[in-house]
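This report goes through one protein model, taking up a sheet, the nonpolar cores, the aromatic pairs and the confidence of the prediction in turn.

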Amino acid sequence: MQQTIRLALVLHNHQPVGNFDHVFEQAYQDSYRPFLEVFARYPGIRISLHISGPLAEWLQEHHPDYLDRVGELVSQGRIEILGGAFYEPILTMIPTEDRIGQIRAYSRWLSHRLGATVRGMWVAERVWEQSLTRDLVDAGIEYTVLDDFHFKIAGLREEELTGYFLTEDEGRVFAIFPGSEKLRYTIPFADPEETIRYLRQIADRAPNAVVTFGDDGEKFGTWPETYKHVYTNRWLERFFETLLAHQSWLQLTTLAEARDQLPPAGRIYLPEASYREMTEWALPTDRQLEYEQLAHQMHEDPRWPTIRQFIRGGYWRNFKVKYPEANEMYARMLGISQQIRQAQVSGLGGSALHQAQQELYRAQCNCAYWHGAFGGLYLPHLRNAVYEHLIAAEQWLHQAEGRPTTWVQDSHDDYNFDGRPEVCLANDKFALWFAPAQGGMLYELDVRKARVNLLATLARRPEAYHQKVRQGASQRQDQVASIHDRIVFKQPGLDRRLQYDDHPRKSLLEHFYEPEVTLAQVESGQARELGDFLMAPYAARVRRNPGRIQLQMIREGRVGAISFRLIKGVTLEAGSDRIEVAYLLENLPPEARLHFAVEFNWAAMPAGAEDRFFSTLNGQRLGHLGTRLDLAQVDGLRLTDQWRGLEVSFHASRPTDVWTFPIETVSQSEAGFELVHQSVVVLPHWHVQADAQGRWSVVLSWSIHTLLAAENPLESQTALAASW
């Protein structure tokens, strides 16, 4: 008697919040639409499908007919719809209330739009912690699919992973299907017969087994070179035909059907994990290189398949350590989530608070909070989208609270969870976040009207794949490399663009240089720091007047043998679009000669475009926002982004020299290695000579105008279905 086996095909289709519209469209044309067209022609094939909330909203707006067709296939029993958290957050990153709220909201949306009964869900990036169990059950979810890697590091052997398992937390029982890593690599890259041979082996040793394939739908057409392979060369058709040709022993199933018709294979408690590659990316860079070297050395060792099951990489949450910029977004998101909950507890409600929560959920989309084989955190437009929705959420919250038209306030707390207090100055125009313990730097500057954080910057740091960039520079054109060693450059000469920063690329950072240092030396990182001010702790105090607040940060420091006090004050007024930054150096000896510079970084305004440019205060253009400028004795500088509708300028109280240069990262994406503009440095600098009282001062008045921004950005929102 021939043994039977069940195969569950699970597809996850996703595009992140903030991705470019043309990227959504290309993925639709290359993956989502053609897959559905081929699938519809094979009534014997059934799948479980997850469409992430950001993608579903885009489809509803641009291709509602696609969702109509999916709904028809749902009603025919051919597609099981999996739910999930609406905007695809890493569940372990957001509070319990937001997890449950997002999952329930998306289940309602899917039920309303597709007529789906949602029982299972997709866990974003398969990032799992056991405590998620109770929240998923409380949100109405019965099961999910994770990688077999999760089960192997819990102690199970691959041959045991032939069904689903039950787990539990605080008495809530939940089912988890192990997704096959083997099938992730054969589908769609190997000939369909290889998948059949693998399934046949399982069927022979484990009758009535359930084998689960769970992976990205984009690998069917969107990933490099896959469209031709999957559709032009008919791989998908051959795959479906091959599956149907073996129906005598191979049954296609959905996760719901397998859960209902088969008993569990056992019980399991899974440790925190994600898919294997993600755990490697989460490691510190030097440890990641060691891991890769060890894996390469052991690859041909016959013991490696056994040893590998006991080796794991890092922990997803440590992306917030590896990349402080990710932690800044996370901390800001968590703060707004807490404010919304406090408002709800206090009895506030209504549409404004509902909109605040919706914007918060959008800002929790995971992709900008980490980095691996894809751009993620390195993509400015994804980081900008996170801040856009966080700022919008806060504006809706202010509306729900009934804030006056103009106001100013200050607050302090350990906002970024580093054990030291930060300070926030805010008015109806801006929110400024300072870290006195880290050089008194300004690390976030929110422009409310434009919904942009002008300090959504990213420092340049070593990445494990930079080793491949260097190797690729000397690789022969005719050299054949494996898929894991293949080097693809989107621009030439990237090995020469690798440079690393020794401090965050933020603002209000004080430098003291040699008198004759040049722009080229500063830009290349070869300029020697003579002072002990950069990233050193400052004492902080706030002075308050009606309608006006000033933060003063003070440090007693040294430049070589010269000791003195540096005071920087930042003043913000209610209703004002001007930020005043004043510097005072005092107790300087008469003979002191210092080369003093203040670093500002401005993000969210890209380089290389004619409508984004530098100019003098009287309007003379000086080049696009990636231009290297070496200006002498000017009274200020202006940065204009006509597309975004922003104009950022400063006026100095005394003549100043100014350097500008771009910060560009060499980063990895699915299409290869690329150079990405992250921010532009604006560095006013002076040759300081003290007055008779041993003092020197300057005032920089920064003005930020939203020339073309919508008068009320809260009116421009993507509406959800009423059932949300």
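A residue is called buried when its relative accessible area is under 20%. By that criterion strand β14 is mostly covered, since 7 of its 7 residues are buried. The model is a predicted one, and the descriptions below should be read with that in mind.

**The sheet around β14**

Strand β14 belongs to an open sheet of 5 strands, arranged in the order β11-β12-β13-β14-β15 with antiparallel pairing. The edges of this sheet are formed by β11 (408-413) and β15 (452-453), each of which pairs on one side only. On one side of β14 (residues 441-447) runs β13 (residues 430-435), antiparallel to it and joined to it by 6 bridges. Within this pairing, Phe434 has Leu442 as its bridge partner in β14, while Trp433 stands opposite Glu444. The connection between β13 and β14 is a hairpin with 5 residues between the strands, and Gly439 in its turn has a positive phi of about 70°.

β14 is also joined to β15, by 2 bridges, and these two strands again run antiparallel. Here Asp446 of β14 stands opposite Asn453 in β15. This second hairpin has 4 residues between its strands, with Arg451 in the turn adopting a positive phi of about 50°.

**Nonpolar cores**

In soluble globular proteins, nonpolar side chains tend to be buried together. In this model the largest nonpolar core has 131 residues, and those with the most contacts inside it are Ile79, Phe220, Leu236, Phe240 and Leu243. Helix α18 (residues 380-401) supplies the largest share of this core, with 9 residues. Apart from it lies another core, of 58 residues, which includes Val447, Leu572, Met605 and Leu631. Returning to Ile79, and leaving aside its neighbours within four places in sequence, one finds this residue in contact with Leu36, Phe39, Ile47, Leu49, Val70, Leu73 and Val74.

**Aromatic and charged groups**

A search of the whole structure finds 46 aromatic pairs. In one of them, the rings of Phe239 and Phe240 have planes at 40° and centres 6.1 Å apart, so the pair counts as tilted. Phe239 is counted as buried because its relative accessibility is 3%, and Phe240 is likewise counted as buried because its value is 1%. The pair formed by Phe600 and Trp602, by contrast, is stacked, with 6.2 Å from centre to centre and 10° between the planes; both of these residues are buried. Phe239 and Phe240 also belong to one aromatic cluster, together with Phe35, Phe39, Tyr42, Phe213, Phe220 and Trp235.

Charged side chains lying over ring faces are listed in the following table.

| Charged residue | Aromatic residue | Distance from the ring centre |
|---|---|---|
| Arg403 | Trp407 | 4.4 Å |
| Lys568 | Tyr538 | 4.7 Å |

**Confidence of the prediction**

How far does the pLDDT of the protein chain reach on average, and what percentage of the residues score at least 70? The average is 93, and 95% of the residues score at least 70. Over residues 476-486, however, the pLDDT is below 50, and this stretch has 4 contacts in the model beyond near neighbours in sequence. The pLDDT also stays under 50 over residues 709-723, for which the model has 31 contacts beyond four places in sequence.

Note on methods. Residues are numbered from 1 along each chain as its sequence is written. This is a predicted model: local features need pLDDT of at least 70, side-chain atom pairs count only at pLDDT 80 or more; totals for chains, interfaces and linings use all residues. Side-chain values use heavy atoms; hydrogens and water are left out. Two strands pair if DSSP finds at least two bridges between them. A nonpolar core is a set of buried Ala, Val, Leu, Ile, Met, Phe, Trp, Tyr and Cys residues joined through side-chain atoms within 4.5 Å. Buried means under 20% relative accessible area, exposed over 50%, partly exposed in between (1.4 Å probe, protein chains only). Contact means heavy atoms within 4.5 Å. pLDDT is the predictor's confidence in each residue, from 0 to 100. Rings of Phe, Tyr and Trp (its six-membered ring) pair if their centres lie within 6.5 Å; planes under 30 degrees apart count as stacked, over 60 as edge-to-face and the rest as tilted. A charge sits over a ring if NZ of Lys or CZ of Arg is within 6 Å of the ring centre and within 35 degrees of the ring normal.
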